[in-house]
Amino acid sequence: MQESELMVRRIKEGTVLDHIDEGKGLQVLNALRIDGKDGSLITIALNVPSGKFKKKDIIKVENKFLKDDDTNKLAVIAPKATINIIKDYKLVEKRRVSLPNEIDRIFRCSNPDCITNSTEHIESVMDVIDKEGRVLKCRYCARVLDVNKLKYN
Amino acid sequence: MNEFYQKDIISIKDFDKAQLEQIFVSTEKIMKLNPIERREICKGNTLGYLFYEPSTRTRLSFDAAMASVGGNSLGISNISTSSTQKGESLADTVKIMSIYSDVLVLRHPLDGSSRFASEVSSKPVINAGSGTEEHPTQAIQDLFTIRKEKKKIDGLKIGIIGDLKYGRTVYSLLYGLGNYDVDVHLISPESLRIRSDSVYEIKKKLSFTESINIEEYIDELDVLYVTRIQKERFPDEEEYLKVKGSYVVGLDLLQKMKDDSIILHPLPRLDEISTDVDHTKHAKYFEQAEYGKYTRAALLGLILNENGF
């Protein structure tokens with residue numbers, strides 16, 4: 001483990017989200033609803049020097065393993081992030097995030113006149129039309145959406 | 001089996017050039033049939049319409065189209081008299097209407113409403129206008145009119161003027177024109193330029209220029225497509241008044257246009273084309289309205305007949 005990551009305490013079981021784009025750490029916490037209310041140890045490091053991308057944010061969460069929806073959120077907010085699964089203090093799995101072809105439910109369409117924002121029983125579906133550019137399109141109203149303006153369900 | 005059989009018509013983006021041509025050829029065929037033969041095409045079929053926004057032309061055009069191919073129509077054209085006023089959801093209304101009809105026609109103020117309706121309907125859904133999103137059958141009618149009047153679409157210079165922000169016919173037409181090799185010139189007040197969230201997709205298929213000055217390219221255009229300022233979609237009256245009457249196409253402008261250029265308008269018209277233009281050879285908007293009946297009849301014939309007609 002690099003020196004920068006040793007600045008924070010190790011966790012026994014849980015997840016380390018590393019290489020989060022600089023300044024996106026708090027947004028990731030909010031999107032993943034990591035608030036510490038369950039008493040788990042959470043360590044957040046912002047603006048950590050990183051040779052690869054100059055600076056990065058890191059989040060360590062004890063006793064949390066990401067579900068698919070969480071991974072998709074992370075892929076949209078912090079596309080360079082890596083997910084490290086820790087078991088018994090050891091790194092057992094490391095993977096990069098990647099955008100799926102479609103993202104269901106987790107984001108609300110930012111077009112207020114979209115049918116998905118009405119009182120109809122309908123869940124949002126976003127098609128990822130450009131994975132590299134992180135361009136999402138609402139499958140219903142067909143608007144191309146600004147990923148920085150998306151709201152979470 | 002014809003590929004349009006039982007197909008939803010939600011977005012013009014779902015059609016490629018060959019499919020559009022198939023609709024145009026079917027439209028020409030319908031126009032040539034005598035009324036008795038024509039009435040055999042959808043005999044015994046029912047069109048159900050749900051209009052959550054006011055419409056005269058589109059609803060009557062579908063009514064007339066269905067009658068011309070021998071079917072009948074029923075539905076709700078005035079929201080205030082329907083059970084939706086009691087709070088019924090769009091989903092329930094669509095489900096019920098799809099029990100009573102063979103094909104559904106929906107106009108609704110929200111974007112994406114037709115796609116949602118097509119998911120809950122047991123019958124094919126035709127989008128007759130969804131918010132500011134799309135109006136695909138209008139685009140088919142517009143493209144057919146250009147093809148019919150100019151004998152081609154490829155190679156033309158097409159100007160689109162007016163309310164490009166809120167006019168759903170504009171988006172559908174642009175997506176449709178993306179299948180052709182055309183030069184498009186967009187003319188609008190600064191505040192009514194096409195939406196940036198739609199340009200992303202249009203730019204991938206179509207090259208266009210934008211300006212606020214109608215005179216700039218007027219002498220080069222083969223087609224001038226004029227649209228109404230969509231008063232009902234403005235957030236406030238003051239904003240509307242700032243742009244109301246921005247452009248008026250009159251006889252003076254026609255003198256600067258190519259001799260064989262045509263003027264189209266999806267209608268209804270307010271003051272953006274003066275009535276003295278109606279009598280000139282350039283005015284093709286009433287023919288456009290007539291072709292709308294036949295393009296819709298052709299679509300209905302293709303959707304409702306497994307082997308076409």
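B:Leu74 counts as partly exposed, because its relative accessibility is 33%. In this predicted model, B:Leu74 belongs to strand β2 of chain B, which spans residues 72-76. Together with B:Ile96, B:Ile99 and B:Tyr100, B:Leu74 makes a nonpolar surface patch of about 400 Å². The most is given to this nonpolar patch by helix α4 (residues 90-100) of chain B, which supplies three residues.

The surface of the model also carries a patch of negative charge, where B:Asp181, B:Asp183, B:Asp219 and B:Glu220 gather. Of these residues, B:Asp181 is located in the loop between α7 (168-177) and β6 (183-187) of chain B. B:Asp181 counts as exposed because its relative accessibility is 58%, and the cut-off for that class is over 50%. The helix that precedes this loop is mostly covered: ten of the ten residues of α7(B) are buried. Among them are B:Arg168, B:Tyr171, B:Tyr175 and B:Leu177.

Another covered position is B:Thr58, in helix α3 (residues 57-68) of chain B. With a relative accessibility of 7%, B:Thr58 counts as buried, since buried means under 20%. Leaving aside residues up to four places away in sequence, B:Thr58 touches B:Phe51, B:Arg107, B:Ala128, B:His135 and B:Arg296.

Attention now turns to charged pairs. Over all chains, the structure holds 27 salt bridges. One of chain B's pairs joins the side chains of B:Arg147 and B:Glu21, at 2.7 Å from N to O. This pair links distant parts of the chain, with B:Arg147 in helix α6 (residues 136-150) and B:Glu21 in helix α1 (residues 17-32), 126 residues apart. B:Arg147 counts as buried because its relative accessibility is 18%, whereas B:Glu21 is partly exposed, with a relative accessible area of 33%.

Helix α6 also takes part in a salt bridge between the side chains of B:Lys150 and B:Asp260, at 3.6 Å from N to O. B:Lys150 lies in helix α6 and B:Asp260 in the loop between α10 (251-254) and β9 (262-264) of chain B, so this pair ties together parts that are 110 residues apart in sequence. At 13% relative accessibility B:Lys150 counts as buried, while B:Asp260, at 47%, counts as partly exposed.

In chain A, the side chains of A:Glu93 and A:Arg95 meet in a salt bridge of 3.1 Å, N to O. A:Glu93 counts as partly exposed at 38% relative accessibility, and A:Arg95 likewise counts as partly exposed at 30%. Finally, A:Arg143, B:Asp111, B:Arg195 and B:Asp197 are linked in a network of salt bridges.

Terms used:
Residues numbered from 1 in each chain as written. Chains lettered and ligands numbered in written order. Predicted model: local features only at pLDDT ≥ 70, side-chain atom pairs only at ≥ 80, totals over all residues. Heavy atoms only, no water. Patch = residues over 30% accessible without salt bridge, like charges linked within 9 Å, V, L, I, M, F, W, Y side chains within 5 Å. Areas by Shrake-Rupley, 256 points an atom, 1.4 Å probe, with all protein chains shown as cover. Salt bridge = Lys/Arg side-chain N within 4 Å of Asp/Glu carboxyl O. Lys, Arg positive; Asp, Glu negative; His and termini not counted. Charge placed at Lys NZ, Arg CZ, Asp CG, Glu CD. Helix = DSSP H or I, 4+ residues; strand = E, 2+ residues; numbered from the N terminus. Buried < 20%, exposed > 50% of the residue type's maximum accessible area, 1.4 Å probe, protein only. Contact = heavy atoms within 4.5 Å.
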